[in-house]
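Biologist: I'm new to this one, so could you walk me through it? Please put it up on the screen, and we'll take it in turns.

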Amino acid sequence: MKRTDYLSWDQYFMGVALLSAQRSKDDHTQVGACLVNDQNKILSVGYNGMPTGCHDDDMPWEREGEPLDTKYFYVCHAELNAILNYGGGSLYGARVYVTLFPCNECAKAIIQSGMKEVIYMQDKYADDDMTVASKRMFDMAGVKYRKFEPKDQTIELHL
Ligand SMILES: Nc1nc(=O)n([C@H]2C[C@H](O)[C@@H](COP(=O)(O)O)O2)cc1CO
Ligand SMILES: [Zn+2]
């Protein structure tokens, strides 16, 4: 008999994004992203982390203090990592599943790489100017965005 409680595509790809977020060393916000093409094939994944060669133990993870001693100048966002991790050519027409709404810098990268849809889970910085700017750019550029609607399905992974 055919299973009925299998994951939808949206659940599957958001699940991959959530699992990727678990690799993040950021103790305040872990973000994961999963890029998918129009044939529902995963093209790339990413999470927020320090650039290659900038060792996690040597970098600041603080949110406040001297700007050079906070993470913000250094950390590479999940969406940007996923875009840069893709080695296969064009991302034109792809969609991105991301656990947190993209910032304005990642929005620019999403638009410029030709992606057409953003599916996000959280939007905890919705009131920040960076998110307002992201939405303004997505609207102008014709990039759709929609909130992932969880079905309250729990997946347990025993690792
Ligand atoms: N869309 C995003 N993708 C991301 O990867 N990030 C990362 C950058 C930081 O590592 C962390 C945000 O730190 P905090 O200000 O919530 O402590 O999440 C942040 C955003 C928010 O725009
Ligand atoms: Zn970003």
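Modeller: Before we start, UniProt positions are given in the numbering used here, feature names are shortened, and annotations may be inferred rather than shown by experiment. This is a predicted model, where local features need pLDDT of at least 70, side-chain atom pairs count only at pLDDT 80 or more, and totals for chains, interfaces and linings use all residues. Residues are numbered from 1 along each chain as its sequence is written, chains are lettered from A and ligands numbered from 1 in the order in which they are written, and side-chain values use heavy atoms, leaving out hydrogens and water.

Biologist: Which residues does UniProt list for "binding site"?

Modeller: That label comes from an unreviewed entry. The residues are spread over 30 residues of sequence yet cluster in space, with a largest C-alpha distance of 8.8 Å. UniProt's list is His77, Cys103 and Cys106.

Biologist: Where is Cys103 found?

Modeller: Helices (H or I, at least four residues) and strands (E, at least two) are DSSP runs, numbered from the N terminus. On that numbering, Cys103 is in the loop between β3 (95-100) and α3 (104-112).

Biologist: Which residues come nearest to ligand 1?

Modeller: Being near means having a heavy atom within 4 Å of the molecule. There are 18 residues around ligand 1. The nearest are Asp26, Thr29, Lys71, Tyr72 and Tyr125.

Biologist: What is the distance from the side chain of Lys71 to an oxygen atom of ligand 1?

Modeller: Let's start with another residue: a polar side-chain atom of Glu79 lies 2.7 Å from a nitrogen atom of ligand 1. A backbone N or O atom of Cys103 is 3.5 Å from an oxygen atom of the ligand. For an N or O atom in the side chain of Lys71, the distance to a ligand oxygen is 2.6 Å.

Biologist: How many residues of each class does the shell around ligand 1 have?

Modeller: Ala, Val, Leu, Ile, Met, Phe, Trp, Tyr, Cys and Pro count as nonpolar, Asp, Glu, Lys and Arg as charged, and the others, Gly among them, as polar. By that scheme, the shell has 10 nonpolar, 4 polar and 4 charged residues.

Biologist: In which loop is Asn40 found?

Modeller: Asn40 has a phi near 60°, a positive value in a residue other than glycine. Most residues other than glycine have a negative phi. Its loop is the one between β1 (32-36) and β2 (42-47).

Note on methods: Polar contact = N/O pair within 3.5 Å; in protein donor to acceptor, adjacent residues only side chain to side chain.
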